[in-house]
Amino acid sequence: MLIRRPPDIPASEITGESLYQNRRAWLSTAGVTLAGLALPARARAWGGDDKLTPYDVVTTYNNYDEFGTGKDEPAKHAGGLKTKPWMVTVEGDVKKKGSIYLDDLLKGIPLVDRTYRMRCVEAWSMVIPWNGIMLGDLIRKLEPGTKAKYVEFTTLLDPKQMPGQESGVLGWPYVEALRIDEAMHPLALLTTGVYGKPLPNQNGAPIRLTVPWKYGFKGGKSIVRIRFLETQPRTTWNIAAPQEYGFLGNVNPNVSHPRWTQKEERRLGEFFKRPTLMFNGYADQVGQLYTGLDLKANF
Ligand SMILES: Nc1nc2c(c(=O)[nH]1)N[C@H]1C(S)=C(S)[C@@H](COP(=O)(O)O)O[C@H]1N2
Ligand SMILES: [Mo]
C-alpha cells in the first residue's frame, strides 16, 4: 500500500507570479467566488491573494500513481498515453447508457473557465485555472433515474500504458465517486484543460473530475466510465486506508489525518504555511450539502 505523507517542497518551486495572472481568468470565476462572500474581510483573513500556481508547477508536480508515485514521475511517464480517440461508458440507473466518444459525450455542453484552490490531502495546495464543463450539465444530459444516488468515476485500466498499474500500491483501476447532490453542485467540474490549453496527460487527460472543496484524491483522472448507483460505491483510497481517507473527502481543518495535521497547508510557491479553511474556503457555497451531518464522523 502506498503510504502518503506531506512531502518537503523544494526551494526551486518557490516561484513568483505566473504569466497567466490576468483579468480574464479572475473575471471568469467572479460569479462563483463572490457569491455570498463578504469578500474584503474574508480575503484578508485568508492571508492575501490567491496567485495562480505557475503552469510548470501545475504540470510537473503531480499525483497520478498509474505513472509512478514520485511527484515528478507522471510528467515524465504519462506522455505516451493515447487520449484520442477516447471512449466513455455510461452505466447504471441512467437513460443515455452505453459507450460514446468523448467529443460526442460533451457535445452541446457549455465550456467554463474556473480558477480553483486545490488542496491535496498531503497538506499542499495550488491555485489552478481549469477549463471544462459543469458536471451537473453532463448529468442532466444523461438523464439519471430516480434511484441514482451516487455517481462513480473510473480511470482507465491499461497496465501496458500505465506502468504503475503493474504495482500493488493501490487497487486498480482508480475509482472515485460523489453523492449525486454533490455532483450536481455548480462548483463540481469535469475538466479538459488548464491555462487555456488541453489538459496534459499527467493532469488527467483527456477528462478528469475536479471538486475544489474536497481533497485532491477525489478528482479521478482519465475517466473511462461513469456509473449511476443506488448505493455508495467503494472508492480506491477509502479501500486502501478507510481510517485515513473517508468517502466524502471534504477538506476539513478540524479532522486531522491520523499521521499529520490538516490545520495548515503549504501553497506551492509560498514560503509560509497558510491555515486550511473549512471546505477549502468554499463553505458558503457547499456547506448546505452537509447540513445536519457530523463532519468529524463523516470525513
Ligand atoms: N487516476 C488517478 N487519479 C488521481 C490520482 C491518481 O493517483 N490516479 N491522484 C489524485 C490526487 S491524490 C491528487 S492530489 C490529484 C492531483 O491532480 P493534479 O496532478 O492535476 O494536480 O489527482 C487525483 N486523481
Ligand atoms: Mo492528493
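This is a short talk on the ligand site and the main hollow spaces of one protein model.

Hi everyone, thanks for coming. One thing before we start: what you have in front of you is a predicted model, so please listen with that in mind.

Let's begin with ligand 1. Where does it sit? Ligand 1 is found in the largest cavity. That cavity has a volume of about 420 Å³, and 26 residues line it. If you want to find its centre on your screen, go to N63, W124, R208, G216 and K221, which lie nearest to that point.

Which element gives the most to this lining? That would be β4, with four residues. Strand β4 covers 124–134, and both it and β3, at 112–119, supply at least two lining residues each. As for the character of the lining, I get 13 nonpolar residues, seven polar and six charged.

Now let's turn to the ligand itself. It is surrounded by 15 residues, and the closest are N62, D65, E66, G219 and K221. You will recognise K221 from a moment ago, as one of the residues nearest the cavity centre. This shell has seven polar residues, four nonpolar and four charged.

What about individual polar contacts? I'd like to show you three. N62 places a polar side-chain atom 2.8 Å from an oxygen atom of ligand 1. With D65, the backbone takes part: one of its polar backbone atoms is 2.8 Å from a ligand oxygen. And R208, another of the residues nearest the cavity centre, has a polar side-chain atom 3.0 Å from an oxygen of ligand 1. How much of the ligand's surface does the protein bury? On its own, ligand 1 exposes 540 Å², and 97% of that is buried by the protein.

Let's move on to the other spaces. With a lower limit of 30 Å³, the count comes to five cavities. There are open pockets to look at too, and I've picked the second largest pocket, with a volume of about 270 Å³. It is lined by 13 residues, and the closest to its centre are T83, K84, L102, D103 and P206. Which helix should you look for here? Helix α5, residues 102–106, makes the biggest contribution to this lining, with three residues. By type, the pocket lining has nine nonpolar residues, two polar and two charged.

So, to leave you with one picture: ligand 1 in the largest cavity, with N62 and R208 each bringing a polar side-chain atom to a ligand oxygen. Thanks, and I'm happy to chat.

Technical notes
Residues are numbered from 1 along each chain as its sequence is written. Chains are lettered from A and ligands numbered from 1 in the order in which they are written. This is a predicted model: local features need pLDDT of at least 70, side-chain atom pairs count only at pLDDT 80 or more; totals for chains, interfaces and linings use all residues. Side-chain values use heavy atoms; hydrogens and water are left out. A residue is near a molecule or strand if one of its heavy atoms lies within 4 Å of it. A polar contact is a pair of N or O atoms within 3.5 Å; within protein, one must be able to donate a hydrogen and the other to accept it, and residues adjacent in sequence count only if both atoms are side-chain atoms. Accessible areas come from the Shrake-Rupley method with a 1.4 Å probe; for residues, only the protein chains shown count as cover. On a 1 Å grid over the protein atoms alone, a cavity is a set of points where a 1.4 Å probe fits but cannot get out, and a pocket is an open set with protein on both sides within 12 Å along at least five of seven lines; lining residues have an atom within 4 Å of a point. A molecule sits in a cavity or pocket if more than half of its atoms lie within 2 Å of its grid points. Ala, Val, Leu, Ile, Met, Phe, Trp, Tyr, Cys and Pro count as nonpolar, Asp, Glu, Lys and Arg as charged, and the others, Gly among them, as polar. Grid points are joined across faces, edges and corners, and a volume is the space filled by probe spheres set on the points.
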